Amino acid sequence: MTSISIKRLPHGDGLPIPNRMTPGSSGCDVCAAVDDDVTIPPGKRALIPTGFCFGIPEGFEIQVRPRSGLALKHGVTVLNTPGTIDADYRGEVKIILINLGDDHFVIKRGDRIAQLVPARAAMDVSFTEDGTISETSRGAGGFGHTG
């Protein structure tokens with residue numbers, strides 16, 4: 001099992017560390033480390049602190065993904081989903097939320113705002129321009145190519 005170290009910042013005091021809400025969950029919910037409520041009007045975005053820094057091991061990343069309940073009930077999602085927290089980043093993780101709903105959305109301290117999914121990252125890959133690529137049955141079929 002791989003362990004990811006966590007550093008709690010002062011404004012993260014009292015908040016739970018990211019954790020899976022059920023044993024089979026891939027994502028670990030992360031909470032808002034805001035001192036005052038943050039209101040996101042419809043069509044607007046906000047950068048929400050989590051109060052944590054992570055010591056991600058080399059060869060891993062953490063993907064930031066939306067919480068499906070926020071998306072369905074309120075139209076609130078992670079703007080650059082999935083966001084990537086690289087293994088060499090040591091600053092505070094902040095979540096870019098956007099309100100695609102019709103009403104103002106209020107974020108309170110401790111609200112679960114996103115989920116973090118640790119994943120292996122292929123570090124032994126490079127891109128080489130050589131002018132050729134292999135053929136596949138799909139070929140260049142893109143958006144909507146299967147109907």
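This passage walks through the salt bridges, one buried strand residue and the two largest pockets of a predicted model.

Start with the charged pairs. Four salt bridges turn up in the structure. One of them joins Arg-112 to Asp-29, with 2.7 Å between the closest N and O atoms. This pair reaches across distant parts of the chain: Arg-112 belongs to strand S10 (residues 112-120) and Asp-29 to strand S2 (residues 28-31), 83 residues apart. The two partners sit in rather unlike surroundings. Asp-29 has a relative accessibility of 10%, so it counts as buried, the cut-off for that label being under 20%. Arg-112, with a relative accessible area of 34%, is partly exposed. The pair doesn't stand alone, either, as Asp-29, Arg-67 and Arg-112 are linked in a network of salt bridges.

Two further bridges involve the loops that flank these strands. Asp-37 pairs with Lys-108, and here the closest N and O atoms are 2.9 Å apart. Asp-37 is found in the loop between S2 and S3, Lys-108 in the loop between S9 and S10, so this contact ties together parts that are 71 residues apart in sequence. Both ends get the partly exposed label: Asp-37 comes in at 45% relative accessibility and Lys-108 at 41%.

Asp-35 and Arg-109 make the other loop bridge, with 4.0 Å between their closest N and O atoms. Asp-35 is in the loop between S2 and strand S3 (38-40), while Arg-109 is in the loop between strand S9 (105-107) and S10, so parts 74 residues apart in sequence are tied together here. Asp-35 is exposed, at a relative accessible area of 65%, whereas Arg-109 is partly exposed, at 35%.

Back in strand S10, Ala-114 is worth a look. Its relative accessibility is 0%, so it counts as buried. Leaving aside residues up to four places away in sequence, Ala-114 touches Cys-28, Asp-29, Val-30, Val-64, Arg-65, Arg-67, Val-78 and Ile-95. Two of the names in that contact list, Asp-29 and Arg-67, also appear in the salt-bridge network with Arg-112. Ile-6 is another matter: it is 108 residues from Ala-114 in sequence, and the two C-alpha atoms are 17 Å apart in space.

Now for the pockets. The largest has a volume of about 370 Å³. Its lining is made of 14 residues, and those closest to the centre are Thr-2, Ile-4, Arg-20, Cys-28 and Pro-118. Strands S5 (60-65) and S10 are the elements that give two or more residues to this lining. Sorted by class, the lining has eleven nonpolar residues, two polar and one charged.

The second largest pocket holds about 160 Å³ of space. Among the residues lining it are Leu-47, Asn-80, Tyr-89 and Lys-94. Val-64, Val-78 and Ile-95 are lining residues here as well, and these three are also contacts of Ala-114. The elements giving two or more residues to this lining are strand S7 (83-85) and strand S8 (92-99). S8 gives the most, with four residues. The class split for this second pocket is eight nonpolar, three polar and one charged.

Definitions and conventions. Residues numbered from 1 in each chain as written. Predicted model: local features only at pLDDT ≥ 70, side-chain atom pairs only at ≥ 80, totals over all residues. Heavy atoms only, no water. Salt bridge = Lys/Arg side-chain N within 4 Å of Asp/Glu carboxyl O. Buried < 20%, exposed > 50% of the residue type's maximum accessible area, 1.4 Å probe, protein only. Contact = heavy atoms within 4.5 Å. 1 Å grid on protein atoms, 1.4 Å probe; cavity = no way out; pocket = protein on both sides within 12 Å on 5 of 7 lines; lining within 4 Å. Points joined across faces, edges and corners; volume = space filled by probe spheres on them. Nonpolar A, V, L, I, M, F, W, Y, C, P; charged D, E, K, R; others polar.
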